[in-house]
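With the model open in your viewer, please follow the stops below in order, making each selection before reading what is there.

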Amino acid sequence: MNNLSNYINIIGDYIWIPILLPLTVFFIKSLLYVKEIRKHTDADIEEFVSLYNARIKENLRICAEEILQFIGKREKESIEHHLYICKKFNKTIGFVKFMYSCRYKYLFLAYIAIDKNDHLANKYGLKLMIKKIYKEFVKKKKANLLITEIERGTDGTHVTALSKLISRYAKMYKAKSYFLDFDYMQPNMPNDNFDAVPEEILSLVYVPIYHLANNRISKTELISLLQSIYFEIYYPSCNEITLCDCNNYNTYLESLIKIYAEILPEYIILNPIDKQT
């Protein structure tokens, strides 16, 4: 009888774990939520700017005002600009800035960051923002491709912590992530000396939300994609804020496309990120 009593006590001590643990996780997640900044008067803009300047490296970021000018704006009805932030109570602990191409059905991930000093942000914030994007653009069958520019490793390799992170999240949604096997020239942003410095060579990450027949895309398809990125995402940043001659900037972007036309092979290989070393 004593053994039975002891056994019941042991069960009583531990049976709460599978019940309480899911409730605890649910409670923690309920502290976080994702919202889109749609107006220039949004009270969360100041915290977004502060986190953006703190988390995005100086050589990779544009001034925050250039991001904010596109809030809720479409470029010639072809590009939608979106800015999601992740909140914990009243504090902004993460953000993702991306564009959606209505014409080519791709999502261009421009910036994404989390407050490294916040444990909940690191554990759940990024997941919640990716889930929001998936729900709004992939599940509703608006987008069939995600692309983003990332820095290469210090030794010139494609694989970085960020590329591994992208690969991991792609797998969560049953998608595969690839590096396009070519040197992607990130255009210099429009300013008074945009053509005075060489372009940074980055990796272009390609995450199709569909089955690929083979791991390659044609030169024509890639150049069309690059033209969309250069002229529908980069070019509109040329305006009164940047004090740049937009005709010259257009010519500069055209010159980069001409380089691709001359040097790219007829097919460009897609290298799976999870198979890179």
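Select Cys86 and then look across to β4, where Gly94 stands opposite Cys86; what you have open is a predicted model. Widen the selection to both strands, and you will see β3 and strand β4 (residues 91-101) paired in the antiparallel sense over ten bridges. At the turn of this hairpin, which has two residues between the strands, pick Phe89, whose phi is positive, near 55°.

Keep β3 highlighted and add strand β1 (residues 32-36), which runs antiparallel to β3 and is joined to it by five bridges. To place one of the residues involved, select Tyr33, whose bridge partner in β3 is Lys87. If you now colour β3 by accessibility, the strand should appear mostly covered, since nine of its ten residues are buried by the cut-off of under 20% relative accessible area.

The next stop is enclosed space. The structure holds one cavity of 30 Å³ or more, and about 40 Å³ of space lies in the largest cavity. To find it, select Ile37, Ile67, Phe70, Ile71, Gly72, His81, His82, Leu83 and Lys97, the residues that line the largest cavity. Which strand gives the most to this lining? Strand β3 (residues 79-88) does, with three residues. Coloured by class, the lining of the largest cavity divides into five nonpolar residues, three polar and one charged.

For an open space instead, turn to the second largest pocket, which has a volume of about 300 Å³. This pocket is lined by 17 residues, and those to select for its centre are Ala175, Lys176, Ser177, Tyr178 and Asn215, which lie nearest to it. The lining of the second largest pocket comprises eight nonpolar, four polar and five charged residues.

From there, select Lys174, which is found in the loop between α6 (161-172) and β7 (178-180). Lys174 has a positive phi of about 60° although it is not a glycine, and with a relative accessible area of 80% this residue is exposed. Then move to Lys141, in the loop between α5 (119-138) and β6 (145-150); for Lys141, too, phi is positive at about 60° although the residue is not a glycine. Is Lys141 buried or exposed? Its relative accessibility is 73%, so Lys141 counts as exposed.

Continue to Glu151, which lies in the loop between β6 and α6. Glu151 is partly exposed, because its relative accessible area of 22% falls between the limits of 20% for buried and 50% for exposed. Show its surroundings while leaving aside neighbours within four places in sequence, and Glu151 is in contact with Lys57, Asn59, Leu60, Thr160, Glu200 and Leu202. As a further check, draw a distance from Glu151 to Leu204, which is 53 residues away along the chain: their C-alpha atoms are separated by 9.0 Å.

Finish on helix α7 (residues 219-234), and draw a line between its end C-alpha atoms, which are 21 Å apart; at 1.5 Å a residue the 16 residues should span 22 Å, so the two values agree. The buried residues of α7 to highlight are Lys219, Leu222, Ile223, Leu225, Leu226, Ser228, Ile229, Tyr230, Glu232, Ile233 and Tyr234. When looking down the axis, bear in mind that an α-helix has 3.6 residues a turn, so residues three or four places apart point the same way.

How values were computed. Residues numbered from 1 in each chain as written. Predicted model: local features only at pLDDT ≥ 70, side-chain atom pairs only at ≥ 80, totals over all residues. Heavy atoms only, no water. 1 Å grid on protein atoms, 1.4 Å probe; cavity = no way out; pocket = protein on both sides within 12 Å on 5 of 7 lines; lining within 4 Å. Points joined across faces, edges and corners; volume = space filled by probe spheres on them. Helix = DSSP H or I, 4+ residues; strand = E, 2+ residues; numbered from the N terminus. Nonpolar A, V, L, I, M, F, W, Y, C, P; charged D, E, K, R; others polar. Buried < 20%, exposed > 50% of the residue type's maximum accessible area, 1.4 Å probe, protein only. Expected span 1.5 Å × (residues − 1). Pairing = 2+ DSSP bridges. Contact = heavy atoms within 4.5 Å.
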